[in-house]
Amino acid sequence: MLALLRRKARSPIVLAAIAIIVLVFIFWLPQMGGDGGPNTVAVVNEEPVSLRDFQRRYDNLLSQYREQFDGAIPPDLLEALGVREQVLNELINQRLLLQSARQAGLLVTGNEIQREIQNMEEFSDEAERFSLERYRQTLAAARVSVKEFEQGIRTDLLRRKIIEHLAGFVRVRDDEVRQRFHYDHDQVRLAYLRFDGAAFRSGLAPTEEELTAYFEENSQDYRTEPGIRLDYLLFTAESGEDAGDDAFSRAGEAYEAILSEGSLERGAEVVDATVRSTDLFSRSQPPAALAPYAKLLAAAFELREGELSSIINAGDDGYAIFHVRQRQAPAVPPLEDVRGRVRDDLIARQARQKARQAAAEALAALREGHQLAAVAADYELEVNKTPWFARATIETVDLPGELLATGLRLSREQPLPEEVVAAEAFYVPRLLERRPGKQELFERRAEPLRQELRQAKQQALLTSWLNRQRQQAKIRRTPGALERF
């Protein structure tokens, strides 16, 4: 339904409908499910979760992912994220919430539903008053009945009430607020040594045996890209108001001739175009003539060997028709073909290993009581110092996060880390100073921090409570139900 709304999203009413339906899909779990049979995905305490509810929530989540990835969901992403399980668990949790609300005697009156709907700005007229006509038009455009929508609002209000009921048990003490403030805003300053692998490359000369062993261990890193060889027709849009239509018309005539004659050359003759051919190329190194056309290249690499494409739209750049003469699968090349890359990579790894070893030796020397300046001199390094920083300001410091995070854990009692800090280089930090956050900052941040802690406790309480509810509930899944999606 959301996809349909997007295709017809020119109407302001439909635009409003999108906003409302997204809201309802996020929070809505109708109280009545299916019949416990093939039209259900699960049964929670003898109350069905309908296949229809699952489909709606699943479709909405897919729409969100498509928006996030510009319309194309990466292959295997949904499986990797366990989207079907996410949706089912959410529906089960919402069902448990609603059942608990009813058991606790929490009710939603008709007046509450009415007020909730009347306060939705999507149903307001130009005078910012609730419009019954706009309300009905919006729901009709979204193909949702008034009864269904109001049932969704009832369910949403019940859900809010049980969450508010549980949240009423949450308390945040003053000492918790201050402790959180110090965790976020206490500042540290570090001195550190930086061991860069590039400084340890000198003199490294891998043997033939080392090169061979490294290549065999990492051969997949040197796989060639997929390659294709094409014959194609390209119809570019010239300047002018009807240029795009003319390019499409010529592409259409050529395509009909290709299909009827079975020849790309014949299609080219019909519209006085030229068949162009490429050598074998990869996506990252396309021929110069196709390099400007990212959409065309993406489409070309989706074709199989010997396949003729349809008319491919390159946006404002025109249209193309491709025939794949050859397709080359990725393969691991012989060592001789990539010897230079393998040698460079092995040297970089060996240099990094030497840098790590040197950093570990330096840390051990500091633990034995040697001065940081003396250790730095042994390795011909400078002693670097960080500015003052805190967890709340860590992103403003132009240093590796791993180094800063380790530094925040150091103390006067333990000024050195347990091990070397690994990032793009290797670091050995030492705590210089630590100071508490300023009192005036605490006074400004105390109430926002209290709210953050309250919300975190509420979420933790809700999660814990739901886990207990699930352990005590009778939950039956319908075998094979999720495999339909």
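Which helix lies across strand 1 and strand 2? The answer is helix 3 (residues 51-68), which runs at about 40° to strand 2. Here helices (H or I, at least four residues) and strands (E, at least two) are DSSP runs, numbered from the N terminus. Angles run from 0 to 180 degrees between N-to-C directions, and axes are lines fitted to C-alpha atoms, for helices over the stretch in contact. The model is a predicted one, in which local features need pLDDT of at least 70 and side-chain atom pairs count only at pLDDT 80 or more, while totals for chains, interfaces and linings use all residues. Residues are numbered from 1 along each chain as its sequence is written, and side-chain values use heavy atoms, with hydrogens and water left out.

A few overall values help to set the scene. The chain holds 17 helices and 12 strands. Of its 485 residues, 39% count as buried, where buried means under 20% relative accessible area, exposed over 50%, and partly exposed in between (1.4 Å probe, protein chains only). Among contacts between residues at least 6 apart in sequence, 72% join residues at least 24 apart; a contact means heavy atoms within 4.5 Å.

The strands under helix 3 are a good place to begin. Strand 1 and strand 2 belong to an open sheet of 3 strands in the order 2-1-12, with antiparallel pairing; two strands pair if DSSP finds at least two bridges between them. At the edges are strand 2 (47-50) and strand 12 (475-477), each of which pairs on one side only. On average, neighbouring strands of this sheet are turned by 20° against each other, direction ignored. Strand 1 (residues 40-44) is joined to strand 12 by 3 bridges, and valine 43 stands opposite arginine 476 of strand 12.

Another open sheet has 4 strands in the order 9-3-11-10, again with antiparallel pairing. Its edge strands are strand 9 (384-385) and strand 10 (421-422). Two bridges, to put it in words, link strand 10 with strand 11 (residues 426-435), and valine 421 has tyrosine 427 of strand 11 as its bridge partner. Helix 14 packs on this sheet, touching strand 3 (187-195), strand 10 and strand 11, and its direction makes about 40° with that of strand 11.

Helix 14 (339-367) also meets the buried residues of helix 10, which pack against it. In helix 10 (residues 208-217), the buried residues are Leu211, Tyr214 and Phe215. They lie on the same side of helix 10 because they cover an arc of only 100° around the axis, the arc being that of the directions from the helix axis to the C-beta atoms. The face turned away from this buried side carries the exposed residues Glu209, Glu216 and Glu217.

Elsewhere, helix 6 (residues 110-118) packs with helix 8 (residues 146-167) at an angle of about 105°, with the axes 10 Å apart. The two helices are therefore roughly perpendicular to each other (65 to 115 degrees). Helix 6 contributes Glu112, Ile113, Glu116 and Ile117 to the contact, and among the residues of helix 8 are Phe149, Ile153 and Leu157. By class, the contact has 5 nonpolar, no polar and 6 charged residues (Ala, Val, Leu, Ile, Met, Phe, Trp, Tyr, Cys and Pro count as nonpolar, Asp, Glu, Lys and Arg as charged, and the others, Gly among them, as polar).

Notes
Parallel < 35°, antiparallel > 145°, perpendicular 65-115°, else oblique.
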